[in-house]
Amino acid sequence: MNRKRRKKPKTLGQIYRRSFFLSFSICLLVLCSVTAFFVLSGGNILSGEAEPVQGSAEVPYPVSGSAVPSLSAQEADCLTVLFMGVKDSDSVSNTYLLARFDPVRGRIPVVSLPPQTMVVRPDGDSTPHPLWETYRYGGRSLAVKALSNTLGVPIDRYVVIDQKSFQQAAEWLGPVQYALRYALNYQDEERSIRLSQGLQLVDGQKALDIVTYPSYAGGETTRSEIMAELAVKIIGDKLSLASSPAVESLFKKIVNRVETDITYMDFETRRAAAAAMSGKDAAIQLPLDGGWPNTKEYRLSQNFLQQIQTYFGTEEKGEDRPSDSSEENH
């Protein structure tokens, strides 16, 4: 069913439009991801035409366990979500962000992944394939399974969102102050981007400009860093909304903008845990670590995979914690 839809034109993916935000922290995750989605995929990258430029992410790994845990939260409240961004209804997902809502440890780790990240599909084929190609071949379901298989951690939910829905969600959440590390200047037949370096109030349009800017000097690595930075900033500024009476209304407004298997039950059961994290520095940027053997492949390092286990793995050793969405996802 999904495969048929994703085999449209030359772009890479398909947009889905249904649900988006979980407990508000997940709402934030989503929006982070959303922003992240397009940060990772600048103009040409979103259309599947750009090639990666190797750069070096100089963001140190955070110290594990530094956040304040929630005493009332349980392991069942934790949820790992893969966000996949598309340009429009005819495109394949070419932006990926992984985030984990972890109220037990009081943290929300976030990491962005280039679409060229090599993954091994769980179908007996041991040959690694780029993540975007896996999505094109088997849709978001296969992309989720392949990434989970490669990272060695369960992925409980997915979200697929397009640019228009991202911008609308950003407008609903409200602006955030963000220190842009570079001045952005770009012009083509369809759009003009003019943003100065430094602190500024980022609304939906500016967020879209930042995440779709096609000419970052460091290519995919820089795009990845900025994506994670902006996502972390959004979570930090907006997590307090989790305890607001307006959060349910916001959930309902955004739920029809994207495709996801996040449910209202996910939202309701994690609402208290999300509210308990308000006012805390919960968001953690987990930097990429890997290399480009060529312009078509990005291979994750063992160090990175170990960090993923630390921040996205479950507590149980020797057995997989069953996902509370196992039936919905398959």
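Here are three short exercises, with worked solutions, on a predicted model.

**Exercise 1.** Find which strands stand at the edges of the open sheet of six strands.

*Solution.* Start with the strand order, which is 11-6-1-2-3-12, with mixed pairing. Next, look at the two ends: strand 11 and strand 12 (283–285) each have a single partner strand, so one side of each is left without a neighbour in the sheet. Now follow strand 11 to strand 6 (residues 157–162): the two pair in the antiparallel sense over two bridges. Here V159 stands opposite T260 in strand 11. Finally, see what lies over the strands: helix 4 (residues 131–151) lies across strands 1, 2, 3, 6 and 11, running at about 155° to strand 1.

**Exercise 2.** Decide whether E259 is buried or exposed.

*Solution.* First locate E259, which is found in strand 11 (residues 259–260). Its relative accessible area is 14%. Buried means under 20%, so E259 is buried. Then check its side chain: a polar contact of 3.2 Å joins it to the side chain of Y158.

**Exercise 3.** Work out which helix gives the most to the largest nonpolar core.

*Solution.* Begin with the core itself, which has 40 residues. Those with the most contacts inside it are L97, I108, V110, Y178, L184 and I210. Helix 7 (residues 219–238) gives the most to this core, with seven residues. Apart from it lies another core, of 32 residues, including L98, Y135, L147 and Y158. You have already met Y158 as the polar contact partner of E259.

Note on methods
Residues numbered from 1 in each chain as written. Predicted model: local features only at pLDDT ≥ 70, side-chain atom pairs only at ≥ 80, totals over all residues. Heavy atoms only, no water. Core = buried A, V, L, I, M, F, W, Y, C linked by side-chain atoms within 4.5 Å. Buried < 20%, exposed > 50% of the residue type's maximum accessible area, 1.4 Å probe, protein only. Helix = DSSP H or I, 4+ residues; strand = E, 2+ residues; numbered from the N terminus. Polar contact = N/O pair within 3.5 Å; in protein donor to acceptor, adjacent residues only side chain to side chain. Pairing = 2+ DSSP bridges. Contact = heavy atoms within 4.5 Å. Axes fitted to C-alpha atoms, helices over the stretch in contact; angles between N-to-C directions.
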